[in-house]
Amino acid sequence: MESEAEIVSKVFAYDADPTALSVIKNFCDENNLVGFREHYNKINKVFDCNIDLGAVFLSETLDDDGKSGIDLAVEIHKVRPELPLVLRRLTSATFDGLSEDAQSLFAGVYTLEDLSPLKSFLQDHLFNRYYPTPLVHGIQEITQQTLSESVRDSIITKSSPCLVKHHIIYGEVFSMIPLESSWCKGYMMIQTTDEDISNVIRSGNTSLPSKINNESLDVNQLLNEITNVIWGRIKSQFFTEEHNADVGGSSIQVPILVNHAKKFISFGATEPQLCFTYTVEDTQNRYKPFTLNQKIIFNLSWMPENMNISEQILSDSVESGELELF
Amino acid sequence: MSKVLVVDDSATVRNEVGSFLKNNGIATVLAENGKDGLDKLKADSSIKLIISDVNMPIMDGLTMAEKVRSELGNNTVNIIMLTTESDARMKQRGKDAGVKGWIVKPFKGDAVIGAVKKLLG
């Protein structure tokens with residue numbers, strides 16, 4: 001099912017109180033959140049598999065094993081220190097009575113009786129950055145079109161765009177390219193799994209020969225070309241020439257840190273990143289459906305009020321793929 | 001026999017364009033970047049048309065086009081850019097370097113084969 005470009009965020013909720021879970025579910029529905037829960041013994045898997053998490057809702061209430069959200073927060077903090085955690089307290093929406101160590105784990109507290117602190121928490125930590133709908137929608141459309149052209153006879157399904165707070169590297173292979181204009185500066189990452197891309201090439205549904213000579217080289221080439229075409233189209237549509245002429249803060253850079261052991265990449269900023277997921281499926285089942293994860297990270301400059309959408313795209317009489325003779 | 005030099009750092013594109021031209025009876029020479037393209041052009045006088053990407057490592061396609069005219073003094077070979085770029089200033093730079101045409105990726109062979117044959121002479 002295709003979804004509109006309305007931005008959502010995925011939150012994991014662990015709460016032993018069924019009443020609280022019901023209230024949280026309603027809250028999620030009303031606030032563009034996709035909430036989900038899991039048993040305590042499967043929680044590690046949650047953080048391994050869900051690469052598009054925005055926040056975690058925990059609770060003081062003890063579960064059947066005598067564990068509370070504070071115990072869980074300690075564990076989550078070890079594996080996902082960048083994820084904002086919020087704690088449901090039983091009596092008042094304050095940090096009173098929590099040890100200093102416990103307080104440092106949580107970005108906010110709330111009670112069931114008053115959800116306004118939870119709403120403020122979302123505004124401060126997840127929805128604090130405005131991503132213009134035409135940009136979000138445009139990136140989705142461009143990527144979907146490019147994937148469809150790069151992998152013949154494919155059905156491309158896109159999920160709702162997500163705001164994410166963590167920095168996990170998904171899959172086994174990723175490409176990364178700078179996105180730079182006078183109103184934004186950052187990166188686009190496209191992440192997927194090596195074997196899935198190999199299978200697509202072997203199926204003969206791409207421009208590369210189906211007989212793979214050098215597996216990793218061919219995988220790299222295909223992912224690079226997909227990235228390149230998406231990048232070019234984003235640039236043409238959103239980085240119009242008058243803005244392109246003056247790339248803001250072009251000398252400003254920050255180091256990018258990659259932790260291989262923990263499959264983690266940091267761009268030096270804590271703002272929520274835009275995350276899109278696409279599933280590529282063959283109409284004739286010649287390869288296993290696979291997922292591409294696209295992240296847009298504006299870590300250095302972000303002034304969307306200056307964004308212009310190119311009129312050229314609408315008015316240009318020469319379409320993609322056709323020769324414009326000079 | 002006149003040949004087309006296909007210059008692109010992407011093996012995907014080289015393969016796609018090369019195969020299409022070959023299937024249409026056109027001989028090709030492949031190069032991975034602008035510098036490689038210049039070397040191949042110098043070495044093969046039967047190249048009459050260049051189809052080149054713009055953004056490539058080592059030497060970009062527009063610099064290559066400029067060098068074809070200025071350094072090699074070759075004013076007869078036709079050059080078409082095949083790129084994701086559609087920026088007007090970039091196209092102007094191409095025009096100034098004697099580029100004959102511009103294709104925004106993806107490559108749709110059927111849409112351009114007539115013009116390619118014409119430019120190939």
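A polar contact is a pair of N or O atoms within 3.5 Å; within protein, one must be able to donate a hydrogen and the other to accept it, and residues adjacent in sequence count only if both atoms are side-chain atoms. Between chain B and chain A there are 10 residue pairs in polar contact, both at pLDDT 80 or more. The model is predicted: local features need pLDDT of at least 70, side-chain atom pairs count only at pLDDT 80 or more, and totals for chains, interfaces and linings use all residues. Residues are numbered from 1 along each chain as its sequence is written, and side-chain values use heavy atoms, without hydrogens and water.

The two chains also share 3 salt bridges (a side-chain nitrogen of Lys or Arg within 4 Å of a carboxyl oxygen of Asp or Glu). One of them joins Glu225(A) to Lys105(B), at 3.1 Å from N to O.

Contact (heavy atoms within 4.5 Å) involves 26 residues of chain A and 30 residues of chain B. About 2,500 Å² is buried between the chains, 52% of it from carbon and sulfur atoms; buried area is the accessible area (1.4 Å probe) that two parts lose on being put together, summed over both. In chain B, Thr12(B), Thr84(B) and Arg89(B) lose the most area to chain A, together 21% of what that side buries.

The model has 0 disulfides over all chains, a disulfide being a pair of cysteine sulfur atoms within 2.5 Å. Two cysteines of chain A are listed below; buried means under 20% relative accessible area, exposed over 50%, partly exposed in between (1.4 Å probe, protein chains only).

| Residue | Closest cysteine sulfur | Relative accessible area |
|---|---|---|
| Cys162(A) | Cys275(A), 6.1 Å | 7%, buried |
| Cys275(A) | Cys162(A), 6.1 Å | 1%, buried |

Cys162(A) and Cys275(A) form no bond because their sulfurs are too far apart.

Key:
Chains lettered and ligands numbered in written order.
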